[in-house]
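I opened the notebook with a plain plan: go through the fold, then the core, then the pocket, and write down what I looked up at each stop.

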Amino acid sequence: GGLQGLLFDAAKQLLGGQTKDAAAISFEKGVKFEPLYTPLYSERTRQLLPRWHGSYPQMMAFANGAASNVGGDDGDALYAIIASEVLRWEGADTFLNNYLFSWEKIQSGYEAFLKQFPESNYYRNAYARMACVQRDAGVAGRVFKAVNSYDDGSWASPAEYEAFKAWGLGTGAYPERSALEIAVEDRDTDGVRKLLADGGDAKTITSKGEPLLELAINNTDYE
């Protein structure tokens, strides 16, 4: 019971696949009592993804509204949480091409987190990952220098982490994705067939440091 129980129930209801209106009501009830309870924002972000009930404009209105309603460093921190959740669900290309998140505001949010949790390896990894997606080598390098170790909540694999860390620290090239990797990620079966017929190597290692076949299996493509 009490406040903790209310917040837990609100987050659980958001996870439960409610209708759009019911999910919005559950979120509003939760943040009315605790506007900084980040699990509520994470689950509301999931609800607003276009693949389910939402849209790109709705997501941006949610992110901007969360930042302005709370304000200051805390508002920017919530904005960064929402942006990072979108990146986790949508991938780098969709995140950059279909959403209009402010990199400056995301940076402000992560800096606020690190002021509050200066020893958090998780937030350092998440910040470094976002800097790499934004191709901001200066920020990436600065944050990587403070990262204690690999965190699997931010990276697809240790190899991906090491490749981007090398780029951020100036000792390696940016890990670009090949046309074949992009086709596999997009589940473009015809495109994959054409690229293989044109000499593409099915045994290649992706930019995430995993075999291409493993990427295909993880994407549930078995053809």
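I began with contacts between residues at least 6 apart in sequence, and found that 57% of them join residues at least 24 apart. I note here that I am working from a predicted model.

Next I looked up the secondary structure, which comes to 13 helices and zero strands, so that from the N terminus on I read nothing but α in the order of elements. Of the 223 residues, 44% count as buried, and the protein exposes about 11,700 Å², of which carbon and sulfur atoms supply 52%.

I then turned to the largest nonpolar core, which has 47 residues, and noted that M59, F95, F101, I106 and F144 touch the most other members. Helices 2, 3, 4, 5, 7, 8, 9 and 10 each give two or more residues to this core, and the largest share, nine residues, comes from helix 5. Apart from this core I found another, of seven residues, with L180, V184, V192 and L215 among them.

To follow one member of the largest core in detail I chose F101, and, leaving out residues up to four places away in sequence, I listed its contacts as M59, M60, A63, Y79, I82, A83, V86, F95 and I106.

Helix 3 (residues 38–47) held my attention next: eight of its 10 residues are buried, so I recorded this helix as largely enclosed by the rest of the structure. The buried residues I wrote down are L40, Y41, S42, E43, R44, T45, R46 and Q47.

For the largest pocket I noted a space of about 1,300 Å³ and a lining of 42 residues, with L87, G91, A92, R129 and K208 lying nearest its centre. The elements that give two or more residues to this lining are helix 5 (72–90), helix 6 (92–98), helix 8 (121–133), helix 10 (158–168), helix 11 (179–185) and helix 13 (212–218). Helix 5 gives the most to the lining, with seven residues, and I recall that helix 5 also supplies the largest share of the largest core. Sorted by class, the lining has 18 nonpolar, eight polar and 16 charged residues.

My last entry concerns the backbone at R135, which is not a glycine and yet has a positive phi of about 60 degrees. I placed R135 in the loop between helix 8 and helix 9, and since its relative accessibility is 47%, I entered R135 as partly exposed.

Definitions and conventions:
Residues numbered from 1 in each chain as written. Predicted model: local features only at pLDDT ≥ 70, side-chain atom pairs only at ≥ 80, totals over all residues. Heavy atoms only, no water. 1 Å grid on protein atoms, 1.4 Å probe; cavity = no way out; pocket = protein on both sides within 12 Å on 5 of 7 lines; lining within 4 Å. Points joined across faces, edges and corners; volume = space filled by probe spheres on them. Helix = DSSP H or I, 4+ residues; strand = E, 2+ residues; numbered from the N terminus. Nonpolar A, V, L, I, M, F, W, Y, C, P; charged D, E, K, R; others polar. Buried < 20%, exposed > 50% of the residue type's maximum accessible area, 1.4 Å probe, protein only. Core = buried A, V, L, I, M, F, W, Y, C linked by side-chain atoms within 4.5 Å. Contact = heavy atoms within 4.5 Å. Areas by Shrake-Rupley, 256 points an atom, 1.4 Å probe, with all protein chains shown as cover.
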